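The exercises that follow are meant for a reader who is meeting this structure for the first time. Please look at the sequence and the model, try each task, and then read the solution step by step.

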Amino acid sequence: MTKVSMTVNGKSVSGNVEGRTLLSAFLREDLKLTGTHVGCDTSQCGACVVHVNGEAVKACTMLAGEADGADVTTIEGMANDDGSLNAIQQAFQDHHGLQCGFCTPGMVMSAASLLKDNPKPSEGEIREYLEGNICRCTGYHNIVKAIMAASGQDVSAIAAE
Amino acid sequence: MYNFDLERPTRVADAVKLLSDSVESQPLGGGQTLIPTLKQRLASPDRLVSLGAIDEMKGICQDDSGRLCIGGATTHAAVAADGSYPALSAMASHIGDPAVRNRGTIGGSLANNDPAACYPSAVLASNATVVTNAREIAADDYFEGMFSTALDEGEIITEVKFPVPEKANYQKFLQPASRFALVGVFVAKHSDGVRVAVTGASNNGVFRWSEAEAALSSDFSAGALSDLTVSADDMITDLHGSAAYRAHLVKVLTGRAVSAA
């Protein structure tokens with residue numbers, strides 16, 4: 001076991017991990033931050049997307065030991081300081097951007113990463129950016145719509161809710 | 001995954017030392033292929049030597065002869081954002097998905113040499129040089145077939161040097177589930193001729209289509225390919241496409257790459 005220390009959602013944390021411990025496992029099992037979902041465990045589905053040093057990564061495909069010293073943000077760190085939903089989360093609620101909700105943490109984290117780099121993405125850019133986030137309920141239309149709305153753009157032209 | 005020890009050296013020399021001692025070790029780039037492989041228990045090293053903390057292996061610059069020099073631990077996202085070799089950046093911007101591109105590295109992709117990976121075609125068509133901790137390897141000498149390269153055990157790709165062609169383009173026919181190339185063709189027009197490298201198609205990994213190179217070197221237009229045929233011998237057949245289908249795609253995508261270059 002090796003000790004790892006990192007900042008998660010603004011708090012300093014540490015724990016002892018095996019070499020093989022995945023970042024997703026460290027977050028969920030050691031830190032009990034179960035908002036980071038493990039959908040496929042094969043890097044395909046994106047439910048486990050978190051931000052490491054500001055960049056979206058699949059937490060199931062990064063070793064916890066490699067995040068030693070990193071600044072990590074999970075879905076638990078996305079709400080506003082007063083506990084209310086942030087703009088992206090609220091837009092997912094307003095536009096019915098989820099059904100079962102399993103993929104939603106990864107969708108929100110990917111959306112936040114997209115909007116950081118591209119504050120006013122087109123519908124096509126959103127769809128392309130979400131290639132690594134799979135949703136089996138919504139058909140994506142309302143997810144795309146929510147992200148458009150979160151970026152302050154008109155969503156009336158996108159498929160009906 | 002079987003357990004292993006994880007080391008994170010911060011210098012190339014330390015990584016090389018770890019990889020050459022008596023513990024069975026494997027270098028870890030971005031891990032976007034290796035970690036899934038370990039999960040499937042297709043590999044079971046006693047130790048992984050992460051290259052992700054070696055700053056001297058990250059970054060992009062140009063050398064005195066105008067070559068684009070990319071550190072071996074540079075991510076696909078960083079290459080995509082660079083833009084000084086537009087066709088290369090465009091290629092990198094379509095590897096996997098955004099989260100994969102934030103972790104996956106050029107050195108990792110080339111060391112693995114997946115027969116459907118994008119980077120090998122760019123390296124081969126660009127006539128790039130693969131720099132390791134020990135030597136420089138010309139692209140034509142580097143790729144030795146499916147998942148096989150000229151790298152020795154424990155040898156690390158520290159940098160890749162790309163001559164920037166006059167014109168270039170990469171066309172990828174996406175296998176939508178894996179986001180690898182069902183077939184990908186990188187065409188590069190250099191001052192001394194055209195190079196065409198094909199990935200995803202052959203059982204022998206990335207290869208140069210020499211007939212197309214000859215035709216395009218005298219006439220750089222899609223029409224120059226019209227009389228050429230691509231043999232389906234040694235092409236990959238799997239549930240995504242037959243050998244004949246892949247052979248057909250090679251010609252179609254080469255034409256598209258020339259038109260778009």
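**Exercise 1. Find how many salt bridges there are over all chains, and work out why the pair B:Asp97 and A:Lys58 joins two chains.**

Solution. Begin with the rule, by which a salt bridge is a side-chain nitrogen of Lys or Arg within 4 Å of a carboxyl oxygen of Asp or Glu. A search of the whole structure with this rule gives 18 salt bridges over all chains. B:Asp97 sits in the loop between α4 (86-92) and α5 (98-101) of chain B, while A:Lys58 belongs to strand β4 of chain A, so the pair joins two chains. Helices (H or I, at least four residues) and strands (E, at least two) are DSSP runs, numbered from the N terminus. The side chains of B:Asp97 and A:Lys58 meet at 2.6 Å, N to O. Across the interface of chain A and chain B, the rule finds three salt bridges.

Before going on, note that this is a predicted model, in which local features need pLDDT of at least 70 and side-chain atom pairs count only at pLDDT 80 or more, whereas totals for chains, interfaces and linings use all residues. Residues are numbered from 1 along each chain as its sequence is written, chains are lettered from A and ligands numbered from 1 in the order in which they are written, and side-chain values use heavy atoms, with hydrogens and water left out.

**Exercise 2. State what confidence scores the model and chain B carry.**

Solution. The model as such scores ipTM 0.96 and pTM 0.96. For chain B, the mean pLDDT (the predictor's confidence in each residue, from 0 to 100) is 97, and 100% of the residues of chain B reach 70 or more.

**Exercise 3. Describe the interface of chain A and chain B.**

Solution. First count the residues in contact (heavy atoms within 4.5 Å): chain A brings 24 residues and chain B brings 27 residues. Next take the buried area, which is the accessible area (1.4 Å probe) that two parts lose on being put together, summed over both; for chain A and chain B it comes to about 2200 Å², with 51% on carbon and sulfur atoms. On the side of chain A, the residues that lose the most area to chain B are A:Arg20, A:Thr61 and A:Glu66, which together make up 29% of what that side buries.

Then turn to polar contacts, each a pair of N or O atoms within 3.5 Å, where within protein one must be able to donate a hydrogen and the other to accept it, and residues adjacent in sequence count only if both atoms are side-chain atoms. The rule finds 13 residue pairs in polar contact across the interface of chain A and chain B, both residues being at pLDDT 80 or more. β4 (55-58) and α4 (123-129) of chain A each supply at least two residues of the side that touches chain B, and β4(A) gives the most, with four residues.

**Exercise 4. Which domains make up chain A, and how do they meet?**

Solution. By an automatic or database domain assignment, chain A is divided into domain 1 (2-77) and domain 2 (87-150). The C-alpha centres of these two domains of chain A lie 21 Å apart, and their contact takes 17 residues from domain 1 and 15 residues from domain 2. The area buried between them is about 1100 Å², of which carbon and sulfur atoms give 62%.
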